[in-house]
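Subject: Structure for you to look at

Hello,

Here is the structure I said I would pass on. Please open it beside this email and follow along as you read.

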Amino acid sequence: MFSKSQISLLKSLQQKKERVEHGLFLVEGYKSITEFIDSSYQVEAIYHTAQFRPNVLKLSQKINIGEISVSEMEKISSLKTPQGIIAVIKIPDWPLLSYDTLKQKFSIVLDGIQDPGNMGTIIRIADWFGIKNIICSTDTVDTYNPKVVQATMGSLSRINVYYTDIVSILMRIGLPVFGATLKGENIYKADFGDEGLVVLGNEGNGLRPEVEKLIEKAVTIPRKGEAESLNVAIAAALFCSEINRNSYK
């Protein structure tokens with residue numbers, strides 16, 4: 001039987017300040033949870049309803065696993081229709097970013113991304129194309145927001161997400177800096193080389209001036225139609241695809 005304090009704690013993890021205070025976040029869904037179990041993340045506990053009893057027997061015996069009622073799950077879950085299984089996972093302490101961490105690979109840099117769905121999709125895109133590091137400005141939506149976690153479909157378990165002063169990173173890291181802008185070199189003609197930082201801006205405002213001035217090569221996805229703008233997650237996918245294409249040349 002769950003205590004009221006346990007329910008209150010887990011429910012509070014839907015709020016960023018509580019996640020930061022406790023160093024924990026929630027993951028819902030059996031498939032996503034199993035991906036975190038097989039990752040470098042530390043799974044603190046798993047709670048499930050009776051319908052998931054056969055499934056949890058397959059999970060690691062080193063994890064604290066408890067059965068709760070459907071009503072208790074509904075109180076904890078952030079979903080309108082809870083999936084019946086939820087994990088409490090420790091927020092990792094990522095190492096400090098350095099040239100050695102990022103060299104000889106591409107990383108995505110996000111400047112003020114606000115939409116949880118976009119953030120989750122970008123993480124999935126990074127996972128698909130083998131990009132391990134995403135560097136976020138401090139005002140970018142929290143990676144451990146339940147909507148972001150849900151949108152990643154387990155991909156978050158394989159991606160390192162850093163929150164930092166991206167201006168400082170772009171100035172000191174010593175790697176080529178590519179930026180998605182409206183006026184730059186055609187992405188289909190750009191030479192990305194074999195390492196660098198790809199900077200994507202806020203959904204409505206694009207890159208901040210102090211970030212944009214640090215871009216070494218502005219790159220544009222050419223428009224043929226009449227759409228005013230391109231969704232940032234779609235832009236991320238196109239950039240990752242072109243970088244991937246370059247690696248096969």
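What follows is a short account of what was found, from the whole chain down to single residues.

Please keep in mind that this is a predicted model.

The whole chain

The chain is made up of 11 helices and 10 strands. Its radius of gyration is 20 Å, while the globule rule gives 18 Å for 249 residues; the two values are close, so the chain is as compact as a globular protein of that length. If you lay the C-alpha trace along its principal axes, it spans about 60 × 40 × 35 Å.

How much of the chain is buried? Of the 249 residues, 48% count as buried. The surface that the chain exposes comes to about 13,100 Å², and carbon and sulfur atoms supply 51% of that area.

Contacts can also be sorted by how far apart the partners are in sequence. Among contacts with a separation of 6 or more, 76% are made by residues 24 or more positions apart.

As for charge, the chain has 28 positive and 28 negative charges, and their mean positions are 3 Å apart.

The nonpolar cores

The largest nonpolar core has 47 residues, and the ones that touch the most other members are Phe25, Ile108, Leu110, Ile134, Leu156 and Phe192. Which element gives this core its largest share? That is helix α11, residues 232-247, with 6 residues.

Leu110 is a good residue to display with its surroundings. Leaving out residues up to four places away in sequence, Leu110 touches Met119, Ile122, Ile134, Ile135, Cys136, Ser137, Thr140, Ile166 and Leu200. One name in that list, Ile134, is also among the residues of the core that touch the most other members.

There is a second, separate core of 16 residues, which includes Tyr162, Leu170, Val199 and Val211.

Two helices

Helix α11 also holds Glu242. Is this residue buried or exposed? Its relative accessibility is 5%, and buried means under 20%, so Glu242 counts as buried. Beyond residues up to four places away in sequence, Glu242 touches Ile187, Tyr188 and Phe192.

The other helix to look at is α3, residues 30-37, where Ser32, Ile33, Thr34, Glu35 and Phe36 are buried. What covers them? The cover includes three strands: β1 (24-28), β2 (43-48) and β4 (85-90).

Residues in loops

The remaining residues on my list lie in loops.

Asp38 is in the loop between α3 and β2. With a relative accessibility of 69%, against a limit of over 50% for exposed, Asp38 counts as exposed. From Asp38 to Leu175 it is 137 residues in sequence and 32 Å in space, C-alpha to C-alpha.

Gln104 sits in the loop between α6 (99-102) and β5 (106-111). Gln104 is not a glycine, yet its phi is positive, at about 60°. Its relative accessible area is 64%, so Gln104 is exposed.

Met153 is in the loop between α8 (146-152) and β7 (160-164). Met153 is another residue other than glycine with a positive phi, near 55°. Met153 is partly exposed, because its relative accessible area of 46% falls between the limits of 20% and 50%.

Lys189 belongs to the loop between β8 (177-186) and β9. Lys189 is exposed, with a relative accessible area of 66%. The C-alpha atoms of Lys189 and Asn205 are separated by 25 Å, although the two residues are 16 residues apart along the chain.

Gly206 is in the loop between β9 (196-201) and α10 (209-212). Where does a relative accessible area of 27% put Gly206? It makes Gly206 partly exposed. Apart from neighbours within four places in sequence, Gly206 is in contact with Asp111 and Gly201. Ile37 is 169 residues from Gly206 along the chain, and their C-alpha atoms are separated by 36 Å.

A suggested order for viewing: begin with Leu110 and the residues it touches, go on to Glu242 in helix α11, and end with the loop that holds Gly206.

Regards

Key:
Residues are numbered from 1 along each chain as its sequence is written. This is a predicted model: local features need pLDDT of at least 70, side-chain atom pairs count only at pLDDT 80 or more; totals for chains, interfaces and linings use all residues. Side-chain values use heavy atoms; hydrogens and water are left out. Helices (H or I, at least four residues) and strands (E, at least two) are DSSP runs, numbered from the N terminus. The radius of gyration is taken over C-alpha atoms; the globule rule is 2.2 Å times the number of residues to the power 0.38. Buried means under 20% relative accessible area, exposed over 50%, partly exposed in between (1.4 Å probe, protein chains only). Contact means heavy atoms within 4.5 Å. Accessible areas come from the Shrake-Rupley method with a 1.4 Å probe; for residues, only the protein chains shown count as cover. Lys and Arg count as positive and Asp and Glu as negative; His and the chain ends are not counted. The place of a charge is taken as NZ of Lys, CZ of Arg, CG of Asp or CD of Glu. A nonpolar core is a set of buried Ala, Val, Leu, Ile, Met, Phe, Trp, Tyr and Cys residues joined through side-chain atoms within 4.5 Å.
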